[in-house]
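Let's take a friendly walk through this structure, starting with a pocket and moving on to a ligand and the backbone. Please have the sequence and the 3D view open as you read.

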Amino acid sequence: MPNTSERTFIAIKPDGVQRNLVGKIIQRFEERGYKLVALKLVQASKNHLEVHYQDLKEKPFFPGLIKYMQSGPIVAMVWEGLDAVRQGRAMLGATNPLDSNAGTIRGDYCIQTGRNICHGSDSVDSANREISHWFKQDELVDYEFANKVWLYE
Ligand code: UDP
Ligand code: MG
């Protein structure tokens, strides 16, 4: 049985929110068939973001990345469905939008790596870590997805 309950953490970064792309980004995950499990608008603290990006703390761009991520509210979300982590990354496009294919979120809506409007977990392990970092257990909503029988055989 394929795992239709895989979860990924997707975030709309401050530039995505300011550029009014929240609806369009959510729409792509909805239209693909993924199930929304959690969603909130948050102004993240410096410490929260440093933990989120802990694997990148030695990178030269790290201070700029934290400042960028703190520059305004972020839409934090959890999406669920078959292959959600890998498909989420594919829907976002490459880290550098100049390398992102047209038809991906980054390929369609942004230009530079340092303003690439969205985040997606890069593995199931990081998804689990990021989901519990951004959401309390009771913020992950358990409900029956009406579309399920039309999405999965
Ligand atoms: N980033 C940057 N400069 C770089 C590489 C990354 O500003 O040279 C930023 C960019 O916003 C990216 C984030 O750091 O999305 C996290 O980097 P990662 O390599 O994890 O890319 P992602 O997983 O977001 O595609
Ligand atoms: Mg990453």
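## The largest pocket

In this predicted model, the lining of the largest pocket is made up of ten polar, eight charged and six nonpolar residues. The volume of this pocket is about 530 Å³. Its lining counts 24 residues, and those closest to the centre are Y53, L56, L65, T95 and H119. If you like to navigate by secondary structure, look for α4 (62-69), β4 (118-120) and α7 (124-134): these are the elements that give two or more residues to the lining.

## Ligand 1 and its surroundings

What sits in the largest pocket? Ligand 1 does. The residues around ligand 1 include Y53, L56, L65 and T95, four names you have just met among the residues closest to the pocket centre. The others around ligand 1 are K13, F61, Y68, R89, R106, T113, G114 and N116. Sorted by class, this shell holds five nonpolar, four polar and three charged residues.

## Polar contacts to the ligand

Which side chains place a polar atom beside an oxygen of ligand 1? Begin with T95, where a polar side-chain atom lies 2.5 Å from a ligand oxygen. For R89, an N or O atom of the side chain is 2.6 Å from an oxygen atom of ligand 1. The side chain of N116 also takes part, with an N or O atom 2.8 Å from an oxygen atom of the ligand. As for cover, ligand 1 taken alone exposes 500 Å², and the protein buries 76% of that.

## Two backbone spots to check

Now turn to the backbone, where two residues other than glycine have a positive phi. One is D83, with phi near 60 degrees; you will find D83 in the loop between β3 (74-80) and α5 (84-92).

The other is I117, whose phi is also near 60 degrees. I117 belongs to the loop that runs between α6 (105-109) and β4, and β4 is one of the elements giving two or more residues to the pocket lining.

Methods. Residues numbered from 1 in each chain as written. Chains lettered and ligands numbered in written order. Predicted model: local features only at pLDDT ≥ 70, side-chain atom pairs only at ≥ 80, totals over all residues. Heavy atoms only, no water. Near = heavy atom within 4 Å. Polar contact = N/O pair within 3.5 Å; in protein donor to acceptor, adjacent residues only side chain to side chain. Areas by Shrake-Rupley, 256 points an atom, 1.4 Å probe, with all protein chains shown as cover. 1 Å grid on protein atoms, 1.4 Å probe; cavity = no way out; pocket = protein on both sides within 12 Å on 5 of 7 lines; lining within 4 Å. Sits in = over half its atoms within 2 Å of the grid points. Nonpolar A, V, L, I, M, F, W, Y, C, P; charged D, E, K, R; others polar. Points joined across faces, edges and corners; volume = space filled by probe spheres on them. Helix = DSSP H or I, 4+ residues; strand = E, 2+ residues; numbered from the N terminus.
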